Amino acid sequence: MYIGSGDVVALMSGITTESHRKLLRRFVSDEIPHYNAKRSPINALRAGAILEDRFFLALSDEYLPQYKVVSKEMDVCRATLDFAKVEHNKVVDFIELKTVFANDYLDINMYRESPEEEYLEFIRKHYKHNYEQVQYQLFCSELDAATLCYLEVQTYDDEENIKRNITPDEYIEFRIPRNEEFINSIRGRCTILQQIKNYYVKY
């Protein structure tokens with residue numbers, strides 16, 4: 001029984017919505033979903049998975065891919081960090097990578113050099129789910145800030161993506177600070193789930 005970083009949208013949705021109820025059904029069933037995005041028939045998912053591997057090659061050796069963290073405060077909450085910077089077996093920073101196609105990338109690129117208050121307003125308005133996912137990851141990792149990175153998807157051709165060498169002008173990084181008000185909302189939604197987990201793990 002756990003809530004993952006990919007569940008944030010459903011977790012924070014209205015409690016009468018189908019997405020929220022579907023999450024609850026999955027939670028109590030204790031089923032672990034398994035995905036293989038690289039074999040997905042959906043172009044965007046497949047390209048994103050391939051480009052994530054290519055992006056990793058551009059990072060320093062300090063980063064580890066797909067690093068899992070569990071909240072010390074509420075162990076029902078888990079998160080997978082796309083790229084975690086680890087020092088002495090402790091996560092000190094991370095990057096959450098999102099792949100976007102040309103039109104979105106051009107809009108996001110307008111905020112590349114913007115001050116924090118401007119790009120945060122833009123992301124919270126137009127990429128709310130990305131923002132909320134990073135906040136959930138900050139909660140689980142106990143960090144004060146992390147990087148949300150948008151990488152341009154130039155093609156859906158697998159062979160071209162597999163060979164792509166990613167350069168800094170092809171992605172945009174935003175520093176996302178911890179938002180305690182939103183994290184308190186996460187705590188509120190997860191409290192009952194933590195209680196359910198605590199009760200049933202005894203048996």
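Helices, of at least four residues, and strands, of at least two, are DSSP runs numbered from the N terminus. On that basis, the loop between β2 (78-87) and β3 (90-100) is the place of His88, a residue to which this report returns below. The structure described here is a predicted model.

## Overall architecture

The secondary structure of the protein comes to 8 helices and 5 strands, and read from the N terminus the elements follow the order α-α-α-β-β-β-α-α-α-β-α-β-α. The radius of gyration is 18 Å, close to the 17 Å that the globule rule gives for 203 residues, so the protein is as compact as a globular protein of that length. Measured out along its principal axes, or rather computed along them, the C-alpha trace spans about 50 × 40 × 40 Å.

Buried residues, that is, those under 20% relative accessible area, make up 46% of the 203 residues in the protein. Among the contacts with a sequence separation of 6 or more, 68% join residues that are 24 or more positions apart. The accessible surface comes to about 11,700 Å², and carbon and sulfur atoms account for 50% of that area.

## The sheet and the helices on it

The 5 strands form an open sheet in the order β1-β2-β3-β4-β5, with mixed pairing. Its edge strands are β1 and β5 (171-177), each of which pairs on one side only, and from one strand to the next the twist averages 40°.

The mixed character of the sheet can be followed at β3, where the two pairings have opposite senses: β2 and β3 pair in the antiparallel sense over 5 bridges, whereas β3 and β4 pair in the parallel sense over 6 bridges. Particular residues mark the register of these pairings. On the β2 side, Ala84 has Phe94 in β3 as its bridge partner; on the β4 side, Ile95 stands opposite Thr147, and Val100 has Glu152 as its bridge partner. Of the 11 residues of β3, 8 are buried, so this strand is largely enclosed by the rest of the structure. In a regular strand the side chains alternate between the two faces of the sheet.

Two of the helices can be placed against these strands. Helix α5 (residues 116-126) lies across β4 and β5 and runs at about 100° to β5. Helix α6 packs on the sheet as well, touching β1, β2, β3, β4 and β5, and its direction makes about 165° with that of β3.

## Loop residues and backbone angles

Most residues other than glycine have a negative phi, and most peptide bonds are trans. Against that background, His88 has a positive phi of about 50° although it is not a glycine. This residue belongs to the hairpin of β2 and β3, which has 2 residues between the strands, and with a relative accessible area of 79% His88 is exposed, because the cut-off for that class is over 50%.

Glu142 also has a positive phi, near 65°, and is likewise a residue other than glycine. Glu142 is found in the loop between α6 (128-141) and β4 (145-152), and its relative accessible area of 44% makes it partly exposed.

A further loop residue, Asp61, is found between α3 (43-57) and β1 (63-70). At 80% relative accessibility Asp61 counts as exposed, and its C-alpha is 9.8 Å from that of Val86, a residue 25 positions apart from it in sequence.

The accessibilities of these loop residues and of two cysteines are set out below.

| Residue | Relative accessible area | Class |
|---|---|---|
| His88 | 79% | exposed |
| Glu142 | 44% | partly exposed |
| Asp61 | 80% | exposed |
| Cys149 | 0% | buried |
| Cys190 | 0% | buried |

## Cysteines

The count of disulfides comes to 0. For Cys190 the closest cysteine sulfur is that of Cys77, at 3.5 Å; because a disulfide requires the two sulfur atoms to be within 2.5 Å, this distance is too far for a bond. Cys190 is buried at 0% relative accessibility, and Cys149 is buried with a relative accessible area of 0%.

Methods: Residues numbered from 1 in each chain as written. Predicted model: local features only at pLDDT ≥ 70, side-chain atom pairs only at ≥ 80, totals over all residues. Heavy atoms only, no water. Buried < 20%, exposed > 50% of the residue type's maximum accessible area, 1.4 Å probe, protein only. Pairing = 2+ DSSP bridges. Axes fitted to C-alpha atoms, helices over the stretch in contact; angles between N-to-C directions. Contact = heavy atoms within 4.5 Å. Rg over C-alpha atoms; globule rule 2.2 N^0.38 Å. Areas by Shrake-Rupley, 256 points an atom, 1.4 Å probe, with all protein chains shown as cover.
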